[in-house]
Structures are given as structure tokens and as C-alpha cells.
2 protein chains.
Amino acid sequence: MSAIQPGILRLYLVLDPDLTRGDPEAVADDALAAGVTCLQLRWKSASDRDVLHLASSLASIAHAHQIPFVVNDRLDIALAAGADGVHLGVDDLPLEHARRIAGRDFIVGFSPDSDEAVRRAASRGATYLGIGPFFATLSKADAGPALGPDGFSRRRRLTSLPVIAIGGINAGNAHKPMRAGASGVAVVSAIAGTVDVVQSTRELARALNREI
Amino acid sequence: MSAIQPGILRLYLVLDPDLTRGDPEAVADDALAAGVTCLQLRWKSASDRDVLHLASSLASIAHAHQIPFVVNDRLDIALAAGADGVHLGVDDLPLEHARRIAGRDFIVGFSPDSDEAVRRAASRGATYLGIGPFFATLSKADAGPALGPDGFSRRRRLTSLPVIAIGGINAGNAHKPMRAGASGVAVVSAIAGTVDVVQSTRELARALNREI
């Protein structure tokens, strides 16, 4: 596979319309203009048609900003929407199948749930990993207990892949995952759940840039 | 697209593990040996991983019988499982996207819900259509009112594609959709919900063969 530029993972926005204040397309456009480096759509409550419709629109918005766009869970919808990648969990389509179907240049993100899953992800075809929850989070009901800096750092060292930290990260604590070896942070409500998307994105981007 | 051999659609089993007596793999193996000509897996209540696991197994069973195997709703799982096709509804991935992703030789079945959807299906890339409910059915909660022979026949004439009838069909009434222009019938509980799968399949196959 072609490797991903780690800078692309610096500030990764997971856009979940059910956890977003305001219009998802406007939030994406604002957040991408203000410093988000990668965009993912995660929308588990919607029909396939509705997810595809929004994904197609977000792909256009992301590409206008020259930012990669990834769809959560569903490779078929990612391919249909013209996305650059898919993000898979351990209960989704297995990594090696996604890599085979989508080809070598497609981004295939993965959220491992064990040390063994972290270790095996590179040879199974993952492009990057999302590891969390770094802090406790309310954005994902089944996220499990927080890893904290030590737990994250230990897992991060089990793989050669770039890793983003996810779970409870905001501008005030984003330095912690970066110092624990993350290539970037993924956020849900710290951007899309705020009143001023541009300001919250800029604060996060500034906090992350201080850690380079 | 390459056209499908209409004989493949003669007796189409939709296997839904939630509506199946006994082990789904054993039911499939028995039914294919006894005269089923095409197998579909429909399993809306399971995780992607569980669907993929069963789909991969059913693909092997179907191919051992030289019968095509189709996955309901999910093109990504169909491709990962080594299936021959996918069956899509109006709320699923749009036909033209599925055709583009899967290539010209993949079977793409479609269940249209309107005259207009029937008319447009061939140019959008469908291989065959499933039209129903022919009779009232308990196997699909959102199936809508029965079309009956006249309603089916009218819709059937709106397309050049081969059409299977679905909904409440059994060995006693299967001649009605065939005389209304169907290339075959799709059944759920009339095979998989019976105590003797081999016998119920044979009775259906016999009833259909009388109509050729």
C-alpha cells in the first residue's frame, strides 16, 4: 500500500450528524477552512441512501479544500461517494477484504480493540489506526474505559503505522496524546458540538501545532 | 452488462436465518440439492462480521452446486464473500453505483417500489427485478399490499428484464405468478420455514416445471 502522509492525520474530524450542532455540510466547510486535515463521516442512524447523499456532498467539500474524506464502516458507500477511504472497526468488514476490494491506494483506517489487533493491522492492510478512548468520552457509547497516556503509548509502540488518538480530546488536553506518540487527534464533539466551529477548530489546530 | 440466464431465476431461495428452521447452511445445502436455482442471504439483524462469515460459507455451498449466490443489501459484503451478486432495494446503494463498483458481470438484483422504478431499472444497471408482494406475506413487515396477478403482470410488462415474483408464494399457488409473466419465484418461509426442506423444495420445483 501507499503510505499516508502523517500530517494528514493531525486534526481528524469525525462528523456525526446526530452529534453536530447546525448543518453538517456547513460545519464541515467551516472546520476544513479553519484547520481540519482529514474528514470522516460517521452516521449510524441513517439509511444507506441518506448516508450516501451526505457522503457525496462531504467528499466534494473536502476535495475543494484538498483534504481527504473517509466514510465510517461502509466500504460500498465510501466507493460510491467518491471518498478517499473507509474507517473500519473490529465488527466491520475485515481489513484484508477491504484492502483487496478497494485497491492499494485507498485509505483504510482501523480501530483495533486489543494489542493483538494493533500488531496485526499493518500486515492486514490498514493505512492508519485510531486508538482510544484516550480520555473518557460521551460521544461513543461503547468506547470502553480510557487508556490514558500510558496505555495509549504502550499500544502505539506495537505498530509501525501512524496512529491517531480519539476520545475526550480538546484544545486543552490535545498535547497529551501528541506527547504519547500520536500523529494526530480525532475529535467529534470538540468541533462539531461547539457553537463556534471556526474558533474551536483554530484552537485545536494551534494546540496541535505547538506539539510538532 | 451480461444478461442472466432466466432459468437461474426459476426457484430463488431468500435465506433469512431469523426465519429459518434449523441450521442455515444445512437448509441451503438441502434446498440447493432439491431444486433451488439461485440463493440469496438476507440477514438484517446480524453484525457485518456474522453476515460475512455466513455469506462466505453459503457462497461455497452454492458454488459446489453450481448455483449463483447473492447477498441482500450490502455490496461490500457480497464482494468480500465471493458472491456472484447483490440484491438492492430502493433505500440501498443506488443501482448505478453498484454496477459501476462491481463491474459488468456481477449480478445486481433490484426490488423496485413504483412503475417508474421498474421502467428505469434496466438502464440503471439491474440484472433482474424482484416484484412483489404477489400475495400477502408475513415474511417481510414492510412489504406493502399484495399486487395480485393483474398488478404483477402490469408491472412486469414495463421492463425487458427478467422478473421474479415474491410474497406468499408456495407450491399450491406458484403457477399464478408464472402465468402472469414471471421468470421464477422467490420464496422465504415456503422452503426455509418448513420442517422438510427437501420435500418442500421438490414440490415447488415440480409446480414450477409444470409451467414451463
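Which residue of chain B comes closest to the rotation axis? The points below address this and related features of the predicted model.

1. Among the residues of chain B, the closest approach to the rotation axis is that of B:Asp76, whose C-alpha lies at 2.5 Å.

2. Two copies of a chain are related by a rotation about an axis and a shift along it. Here, a turn of 180 degrees with a shift of 0.0 Å along the axis lays chain B on chain A, and the RMSD is 0.0 Å. The two copies are thus related as by a two-fold rotation axis. Both copies use the same surface, as 100% of the contact residues of chain B recur in chain A.

3. In chain A, helix α1 (residues 24–34) and helix α2 (residues 48–64) have axes that come within 10 Å and cross at roughly 20 degrees. Angles under 35 degrees count as roughly parallel, and α1(A) and α2(A) are therefore roughly parallel to each other. Their crossing is right-handed.

4. On the α1(A) side, the contact is formed by A:Pro24, A:Glu25, A:Ala28, A:Asp29 and A:Leu32; these meet A:Leu54, A:Ser57, A:Leu58, A:Ile61 and A:Ala62 of α2(A). Classified by residue type, this contact of α1(A) with α2(A) has seven nonpolar, one polar and two charged residues.

5. In chain B, helix α6 (residues 148–156) has the buried residues B:Gly148, B:Gly151, B:Phe152, B:Ser153, B:Arg155 and B:Arg156. The cover over the buried residues of α6(B) includes helices α5 (115–124) and α7 (175–179) of chain B, together with strands β6 (128–131) and β7 (163–166) of chain B.

How values were computed:
Residues numbered from 1 in each chain as written. Chains lettered and ligands numbered in written order. Predicted model: local features only at pLDDT ≥ 70, side-chain atom pairs only at ≥ 80, totals over all residues. Heavy atoms only, no water. Axes fitted to C-alpha atoms, helices over the stretch in contact; angles between N-to-C directions. Helix = DSSP H or I, 4+ residues; strand = E, 2+ residues; numbered from the N terminus. Parallel < 35°, antiparallel > 145°, perpendicular 65-115°, else oblique. Left-handed = near helix turned anticlockwise from the far one by under 90°. Contact = heavy atoms within 4.5 Å. Nonpolar A, V, L, I, M, F, W, Y, C, P; charged D, E, K, R; others polar. Least-squares fit on C-alpha atoms with pLDDT ≥ 70 in both. Buried < 20%, exposed > 50% of the residue type's maximum accessible area, 1.4 Å probe, protein only.
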